[in-house]
Amino acid sequence: MSLRAWLATTMGVLALLTLMAATLLVVLTSVLDRSAETLGTAVEGIRVSEELEVGMLAHDRMVHEGPERLPRGPGGMTRFELEASLYRQIGELRRIASTEAEREQLDAVRADVDVYVSAQRDPGRAEREAGPALDDALNGLEQVIAINVERARLARLQAERWNDMADSAGVMLCGLLLLGVLIVSLLLRRVAFQPLRDISQAMRRFGEGSKRARAPEAGPAELRDMARTFNEMANSLAHQQEQQLAFLAGVAHELRNPLSALKLSTALSDRGRAQLTPERMERTLALVGRQVGRLDRMVGDLLDATRIEAGRLELRPEVRDACELTRDVVELYRSGDTGHVLRLEVPGWPVLVRVDPARLEQVLHNLISNALKYSPAGSTVEVAVRREQDAAVLCVTDQGIGISEEEKRLLFAPFQRAGNARQRAPGVGLGLSVARRIVEGHGGSLDVVSQPGHGSVFRVRLALTEVASRAEEGSGLASPPDTLH
């Protein structure tokens with residue numbers, strides 16, 4: 001599981017608990033609001049009902065004691081104002097009634113009040129109907145009051161029940177939130193912080209010189225990727241260090257051989273020894289020349305590799321004929337005893353490219369020298385210059401040991417040599433790496449086609465200059481290739 005998914009899940013759970021707490025708070029607030037509203041309505045109904053009872057009793061007292069004894073009712077109202085107030089209060093009770101039973105009871109109270117008021121206005125009916133109607137109206141108001149009291153009690157009980165429920169749910173949610181935070185902290189420490197600490201400690205140990213220090217690939221996917229990347233980097237650095245040590249050992253070995261030969265040659269030419277014959281002196285000087293040339297090529301490759309890695313490879317390009325440059329290099333090898341057949345194939349017209357002549361000759365020297373070293377004695381090495389579309393292609397083909405697909409991947413890497421190459425010829429593995437970087441510095445490419453036991457073909461591809469293209473188009477000729485043996 002990735003750290004992002006784990007954090008998203010954790011935050012989602014915590015957000016869900018928070019949302020539940022907020023929802024509970026909203027529901028509790030709504031219930032308490034409704035309960036408070038119900039309580040307010042019930043209290044208002046009780047108050048108006050009691051005022052209506054007081055008003056009816058006051059009206060009955062005014063009627064029986066006469067206007068001389070009690071000319072005014074509650075609030076200084078007259079009898080007729082008090083009657084109108086009774087009806088207004090009944091209408092107010094009807095408006096705030098919440099149940100159909102309460103409304104029917106109020107309708108019955110109104111009917112009793114109508115009977116009572118009409119009977120009080122008729123002296124013949126007053127004694128017979130007013131009293132029972134007043135009692136019925138008062139009894140009805142008591143029932144209305146009882147209904148409102150019961151409604152207030154139920155609202156209070158509901159509010160208390162919801163309050164208790166909210167308290168329990170709040171305590172539970174707070175506990176869950178605290179537990180969730182605790183679990184998240186512990187898991188975050190185990191899932192994220194511990195792997196990060198392990199990676200940091202591995203980096204610190206590696207930086208202090210422990211080249212075997214590696215980070216455990218544990219925890220979320222991101223941290224595993226980080227640990228894997230660090231381990232790959234550490235393996236790469238360790239491999240590079242091994243390569244550097246192997247390179248130093250190879251350089252020391254390659255330097256020892258020429259130096260040993262030079263030392264032996266110097267010892268042979270010592271004045272105290274027997275007189276040297278001209279033939280022996282010639283062989284000695286030839287040996288010294290070959291060893292010095294070998295040292296010079298080795299030092300030159302090292303210097304070129306250093307300049308390339310530092311980004312200071314200097315090129316002095318000029319327009320030159322690739323055929324002429326190739327012919328000069330081949331002739332130089334043909335002038336010596338290589339023990340091979342060198343075949344040159346070039347077209348009969350110039351193939352102009354913009355290159356540094358010395359650097360291109362260095363590339364050709366490297367390719368031809370390798371072809372001669374890794375080919376059996378008496379075999380043929382072909383060097384050809386061709387034009388393919390808008391590019392000049394320089395090919396060096398040998399009949400040597402060949403290169404496997406696995407070895408091709410490291411063929412142009414610095415300080416890398418195939419196993420069979422190390423056995424066949426000395427070297428430190430810089431020539432092809434330097435050659436490719438020189439060709440790439442000219443905007444070209446160097447690749448190889450090879451199979452073990454079937455030889456190799458190295459191709460240098462360079463862009464043709466516009467001068468070459470116009471010259472060939474203007475000539476319209478296709479001369480036969482020039483072949484040298």
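Across the whole structure, a search finds 13 salt bridges, each being a side-chain nitrogen of Lys or Arg within 4 Å of a carboxyl oxygen of Asp or Glu. This is a predicted model, in which local features need pLDDT (the predictor's confidence in each residue, from 0 to 100) of at least 70, side-chain atom pairs count only at pLDDT 80 or more, and totals for chains, interfaces and linings use all residues. Residues are numbered from 1 along each chain as its sequence is written, and side-chain values use heavy atoms, with hydrogens and water left out.

Select Glu44, Arg47 and Glu51 next, which are linked in a network of salt bridges. The Arg47 side chain meets that of Glu44 at 2.3 Å, N to O, and the closest N and O atoms of Arg47 and Glu51 are 2.6 Å apart. Arg47 and Glu44 lie three residues apart in helix α1 (residues 3–69), helices being DSSP runs of H or I with at least four residues.

Move then to the largest nonpolar core, where Leu367, Ile368, Phe458 and Val460 touch the most other members among its 39 residues. Such a core is a set of buried Ala, Val, Leu, Ile, Met, Phe, Trp, Tyr and Cys residues joined through side-chain atoms within 4.5 Å, where buried means under 20% relative accessible area (1.4 Å probe, protein chains only). Helix α8 (residues 357–373) gives the most to this core, with seven residues.

Finally, colour by confidence: the mean pLDDT of the chain is 78, and 77% of its residues reach 70 or more. Where pLDDT is low, the predicted coordinates should not be read in detail.

Key: Buried means under 20% relative accessible area, exposed over 50%, partly exposed in between (1.4 Å probe, protein chains only). Helices (H or I, at least four residues) and strands (E, at least two) are DSSP runs, numbered from the N terminus.
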